[in-house]
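The following exercises practise the reading of a protein model. Each task is followed by a solution in steps.

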Amino acid sequence: MAKDYYEILGVSQSASKDDIKKAFRKLAHKYHPDKGKGNEDKFKEANEAYQTLSNEAKRKQYDTFGSSFEGAGAGASSGFEGFSGFGSQGFDFSQGFGSGFSESNFEGTPFEDIFSSIFRGGHTRSRANKQTRGQDIQIDLNLTLEDISIGVNKSINLRKLILCEHCKGNGAEYGSRLKICDTCRGTGTITQVHRILFGNIEQKITCDNCLGAGKIPEKKCSYCRGEGRKNENTQINLSIPAGVEHGQMLEMKGYGSAGIYKGSSGNLYIKVHIEPHKNFIRKGSAILYNANVPFTTLCLGGVITVPTLYGNENIRIPAGTQAGGEISINNKGLPKLGGWGKGNQIVKIKVTIPTKLSKNAQRLLEELKYEL
């Protein structure tokens, strides 16, 4: 006896796709075998009806031939394969859609996006993406405080993928040409179909034959094996601005690896490491320096010579300067990155105590002890 799919779903023959979908979802919640009062036969019957009426071609054939329609069984069977079973791995409708679907089957497609696409009426999800861009490269660069005090140019040797000079980057042997990719027919994408409970999901993904280019070499370049690029050592000149910070990442666009088939090159990222200095400590744009000053100079005052990043500098020590005091030398620090001017060099005073004294020095200190 022919089945009336419209009657099974409880909809009229003029019902829209949305009406059919809503009716099926209602029955699926009601009759799913995992439910306490579920009915496996009715659930399969509703699924069979939905698989036919939700497909325009099958619905038209069903409406035309009625009981002579032969595609229903195939439609029902193919739609039902989306289940992983009726046991503990099936759907749990009390908690929404359960583990009957595997997110991994959709290669990174967000689980909720798949269903939101279906219930909005869209059955195609595009995940096409040009893969011809070259990879980014990151390197570490060690610099000194002297380097970043004025900015510096560095020349480095970097092994990376560069454009093949023999084929000029198109991957084809000299005298050969590019042809339309047989796999994607020049679109750069292929369509994958995933069968689920409510129909089919189509995903457009990058063609793995041409990697999104749409064309492939008729005869591959003998130098680069058809990639349009090869691995070689390259000299790169880096211009490091003054005042860069330790750990800062600098970007050079287009200096990474070359892309496949003349795709755009990736970027080069330079992570800056400032080496410890034997004399100075950096504090932002300021430079700290500990100066050992004889206690007599602290008492009487005088002039001392201290190193800076820009050469030696004479500074005056006022009489009576205390150990631990600080003297600032203007504009002898580091340039302010992105700003104007330089920071200061801060000279912190430390007292120098002699370890050996002459008898005359001892006598003078004894006299001084009673004067203070």
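**Exercise 1. The chain as a whole**

How much area does the chain expose, and what share of it do carbon and sulfur atoms supply?

*Solution.* The model is a predicted one.
Step 1. The exposed area of the chain is about 22100 Å².
Step 2. Carbon and sulfur atoms account for 47% of that area.
Step 3. The chain has 372 residues, of which 36% count as buried.
Step 4. The chain holds nine helices and 16 strands.

**Exercise 2. A helix and its cap**

State how the span of helix H3 compares with the expected value, and identify the residue that caps its N-terminal end.

*Solution.*
Step 1. Helix H3 covers residues 40-53, which is 14 residues.
Step 2. From the first C-alpha to the last, H3 reaches 20 Å, close to the 20 Å expected at 1.5 Å a residue.
Step 3. The cap at the N-terminal end is Asn39, with a side-chain oxygen 3.1 Å from the backbone nitrogen of Asp41.
Step 4. Several residues of H3 are buried, among them Phe43, Ala46 and Tyr50.

**Exercise 3. A salt bridge between two helices**

Which residue forms a salt bridge with Lys17, and is Lys17 buried or partly exposed?

*Solution.*
Step 1. The partner of Lys17 is Glu56, and their closest N and O atoms are 3.1 Å apart.
Step 2. This pair links distant parts of the chain: Lys17 belongs to helix H2 (residues 17-31) and Glu56 to helix H4 (residues 56-65), 39 residues apart.
Step 3. Lys17 has a relative accessible area of 43%, so Lys17 is partly exposed.
Step 4. The relative accessibility of Glu56 is 58%; the cut-off for exposed is over 50%, and therefore Glu56 counts as exposed.
Step 5. The total count is 10 salt bridges.

**Exercise 4. Two loop residues**

Decide for Ser257 and for Leu357 whether each is buried or partly exposed.

*Solution.*
Step 1. Ser257 is found in the loop between strand E9 (249-252) and strand E10 (268-274).
Step 2. Buried means under 20% relative accessible area; Ser257 has 7% relative accessibility and therefore counts as buried.
Step 3. Beyond its neighbours within four places in sequence, Ser257 is in contact with residues including Gly134, Lys160 and Gly266.
Step 4. Leu357 lies in the loop between strand E16 (345-352) and helix H9 (359-371).
Step 5. With a relative accessible area of 38%, Leu357 is partly exposed.
Step 6. Together with Leu365 and Leu368, Leu357 forms a nonpolar surface patch, and the three have about 210 Å² of accessible area together.

Notes: Residues are numbered from 1 along each chain as its sequence is written. This is a predicted model: local features need pLDDT of at least 70, side-chain atom pairs count only at pLDDT 80 or more; totals for chains, interfaces and linings use all residues. Side-chain values use heavy atoms; hydrogens and water are left out. Patches are made of residues with over 30% relative accessible area and no salt bridge: like charges are joined within 9 Å, nonpolar side chains (Val, Leu, Ile, Met, Phe, Trp, Tyr) within 5 Å. Accessible areas come from the Shrake-Rupley method with a 1.4 Å probe; for residues, only the protein chains shown count as cover. A salt bridge is a side-chain nitrogen of Lys or Arg within 4 Å of a carboxyl oxygen of Asp or Glu. Helices (H or I, at least four residues) and strands (E, at least two) are DSSP runs, numbered from the N terminus. Buried means under 20% relative accessible area, exposed over 50%, partly exposed in between (1.4 Å probe, protein chains only). The expected span of a helix is 1.5 Å times one less than its number of residues. A polar contact is a pair of N or O atoms within 3.5 Å; within protein, one must be able to donate a hydrogen and the other to accept it, and residues adjacent in sequence count only if both atoms are side-chain atoms. Contact means heavy atoms within 4.5 Å.
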